[in-house]
Each structure stands twice: as structure tokens, then as C-alpha cells.
Amino acid sequence: MGLKFEHVTLGQRVLFGTGLAGANLAAEVARLGADRVMVIASPSEAKRLASVTDAIKVALHHHDVAPHVPLEKAEKARAAAAENNIDLLVCAGGGSTTGLAKAVALTLGLPIIAIPTTYAGSEATNVWGLTEACRKTTGVDDAVLPVTVIYDAALTLGLPVELSAASGLNAMAHCIDSMWAPRADPINAALAAEGIRALNTALPAIKADPLEPSGREHALYGAYLAAVVFASAGSGMHHKICHVLGGAYNLPHAQTHAIILPHVLAFNTPYAPEAQARIAAAFGTTRALDGLNALRDTLDAPTALKDYGLAEKNIPEAAQLILPAIPASNPGEVTTEALEKLLHRAYTGSAAL
């Protein structure tokens with residue numbers, strides 16, 4: 001039987017260049033004809049990126065950003081945008097900042113220019129997420145896809161090595177999860193493999209020399225590819241687990257992804273030989289898990305959910321919340337018992353098996 005698949009590529013403008021963020025932002029604001037710009041950034045990011053946003057006329061600076069986009073934060077930002085007649089959103093920062101801009105765009109239909117300073121990848125997807133009453137809801141809507149992404153490695157030089165590693169492993173998770181996500185296809189698999197290769201080279205380079213732009217540039221490149229395949233292939237087992245843990249127990253996004261990833265990889269690869277071979281080849285190893293573990297060892301990546309606030313008593317509840325969200329496309333059959341075992345190993349920091 002020949003190849004048969006349906007692939008969707010999202011339309012988006014990407015501007016990539018170290019030291020060019022200010023000039024690129026000014027050019028894009030002019031191209032879009034925006035008069036009332038709202039800049040969304042945390043207080044620390046706003047201060048650090050002042051030289052970039054100074055290149056444009058800003059009608060409103062909004063700094064009230066929080067992980068997992070609590071609904072009350074989203075409603076506050078929406079009200080501020082409406083009251084100030086905003087016609088363009090500029091978000092500068094990590095996934096939480098991009099997520100807040102998406103929450104505003106979802107209801108007000110405003111275009112977004114995203115300037116990422118981490119490797120979260122949210123800037124290249126049409127996926128939104130909101131947290132209410134300790135439960136995270138996600139959805140897909142083209143209205144939240146940023147019209148333009150501006151990548152500038154100079155803006156990531158201040159990202160600490162530890163957070164760079166965790167954020168980069170979050171991007172790696174986008175690549176790996178896309179191999180068995182609901183809309184996995186050969187195009188996504190090819191892009192994901194290139195993303196794995198780029199990140200596997202870039203992240204150790206960042207650790208070796210955090211202020212050298214080349215590693216940061218390749219990490220942004222890999223993170224972009226990772227986000228593109230995630231947007232196309234959809235959310236697989238890994239992301240369903242992490243979204244529940246983050247929303248229900250307020251665990252940090254990047255570190256949770258970094259911890260969970262080897263356990264999902266170990267769970268699924270026995271049932272997905274083609275994916276295992278492709279992932280392993282991208283790492284340059286025979287076994288995919290060996291390649292990931294070697295990278296994690298090099299990066300001194302986080303290992304235990306207990307270090308980030310998960311209580312052992314929450315594991316049975318978490319498994320019950322996660323199970324209905326696992327896609328039918330997952331290669332290995334997932335049960336409550338299997339999830340509890342996986343989560344317990346991730347909780348204690350035990351090696352993935």
C-alpha cells in the first residue's frame with residue numbers, strides 16, 4: 001500500500017536573526033498597519049527587552065503574566081485590550097506570555113507578533129490553554145496563531161543554563177510526541193527528526209558556553225521545528241500527561257516536560273519500532289532512550305516531580321485525570337495502573353524503563 005496521509009501546514013511569517021529583533025518588530029508593526037499596540041511581557045522581561053519594544057510606539061504595557069494562563073489573568077488582559085482599543089498584540093517572553101496573548105486573541109480576534117525568549121514553541125502553534133479551578137483546558141483555533149514570529153538569539157542569552165535545558169527538553173518533547181500523535185505523518189516525522197538533531201547539538205553547546213550565540217540560534221531553530229510539528233501532529237501522550245499535571249498541581253511547565261519525557265519514550269517505543277528507529281538515528285544512537293538519556297545526563301536535567309511540588313498522594317488522582325485524555329493513536333495501551341507506575345517513577349526520579 002502506498003503512502004496516504006493528510007498534512008496541514010499553518011501559515012505564519014518567521015523572521016530570524018541575532019540582534020535584529022527591534023528592527024524586525026518595527027518593520028512588522030508598520031507592515032500590519034497597527035496604531036494601538038499592547039506589549040505583553042513579565043516585568044523582568046519587559047525591562048530586559050526595552051530596547052526592542054522602544055523601536056515601536058506602544059499604547060499599553062501589560063505585565064500581569066502567570067504560568068498556565070489562569071482564567072482571571074486572561075480576563076484582566078482581555079479587558080485591558082478592549083478598553084484601550086488595541087489593534088495588535090506583541091508578546092515577548094516564554095510560553096506563559098505567549099499563552100496570555102493567545103487568550104486575548106481568542107476572544108478579541110487580534111493579531112499577535114511573538115518574540116520568544118525561551119524554547120517553549122507556543123509561538124508557532126494554534127493551540128491555546130487556560131487554567132480554571134486547578135484544571136487546564138486546551139483547544140485549537142487559528143485565531144491564536146501569531147501572524148509573525150521574531151527569533152533573536154541575543155534575547156535568550158540571559159536564560160539560565162538550567163532553564164535553557166528544561167525548556168529545550170520541552171521542545172524535544174514536541175518532536176518526540178509528534179511521532180505518535182493523532183495526526184502523525186511522514187512530513188511531521190521528518191521535521192521532528194531534524195528538530196531532535198538540532199536540539200541534541202544545541203543544548204550541550206549552550207551548557208558549555210551560555211553566552212555564545214550559535215548554540216542559542218540552533219536551539220531556537222530546533223524549537224521552531226518542534227512547535228511546527230506539534231501544531232500539525234497534535235498532542236500525544238506526553239503532552240496530555242504534562243497538561244494535566246501543570247493545570248491540576250501547578251507544576252512548572254518546562255521542568256515537568258523534561259522529567260516526564262524519558263518515561264513516555266520508554267513506554268511507547270516498544271510498540272512503535274519505526275518511531276524508535278527515527279528518533280534513535282536523530283540522536284545518533286541505536287536506542288532512542290539511550291540518546292535522550294545521554295543528553296539529559298550532559299545537561300544535568302531535572303529528574304523528579306517531587307522536587308517541583310507534586311505530592312505522592314496525588315498520583316492516583318492524576319492518573320484518573322490523565323487517562324481519558326490519552327489519544328487513541330497512542331502506540332501502547334494505556335491503563336490507570338500503567339499511568340500510576342509511570343508517574344511514580346517520575347515522582348521519585350527513578351530511571352525510565
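A residue is called buried when its relative accessible area is under 20%, exposed when that value is over 50%, and partly exposed in between. In this predicted model, Phe5 has a relative accessibility of 39%, and therefore counts as partly exposed. Phe5 is found in the segment that comes before strand β1, which spans residues 13-16. Together with Leu3 and Ile187, Phe5 forms a nonpolar patch on the surface, and these residues share about 310 Å² of accessible area.

From this patch we can turn to the aromatic rings. A pair of aromatic rings is described by the distance between the centres and by the angle between the planes. The structure holds three aromatic pairs. In one of them, the ring centres of Tyr151 and Tyr224 are 5.9 Å apart and the planes stand at 75°, so the pair is edge-to-face. This pair links distant parts of the chain, since Tyr151 belongs to strand β8 (residues 148-151) and Tyr224 to helix α8 (residues 213-233), with their positions 73 residues apart. Tyr151 has a relative accessible area of 1% and is therefore buried, whereas Tyr224, with a relative accessible area of 23%, is partly exposed.

Another pair is made by Phe267 and Tyr271, whose ring centres lie 6.3 Å apart with the planes at 50°, so this pair is tilted. Phe267 has a relative accessibility of 18%, and because buried means under 20%, Phe267 counts as buried. Returning to the tyrosines of the edge-to-face pair, we find that ring pairs link Tyr151 and Tyr224 with Phe16 into a cluster.

Note on methods:
Residues numbered from 1 in each chain as written. Predicted model: local features only at pLDDT ≥ 70, side-chain atom pairs only at ≥ 80, totals over all residues. Heavy atoms only, no water. Patch = residues over 30% accessible without salt bridge, like charges linked within 9 Å, V, L, I, M, F, W, Y side chains within 5 Å. Areas by Shrake-Rupley, 256 points an atom, 1.4 Å probe, with all protein chains shown as cover. Salt bridge = Lys/Arg side-chain N within 4 Å of Asp/Glu carboxyl O. Helix = DSSP H or I, 4+ residues; strand = E, 2+ residues; numbered from the N terminus. Buried < 20%, exposed > 50% of the residue type's maximum accessible area, 1.4 Å probe, protein only. Phe/Tyr/Trp six-rings, centres within 6.5 Å; stacked < 30°, edge-to-face > 60°.
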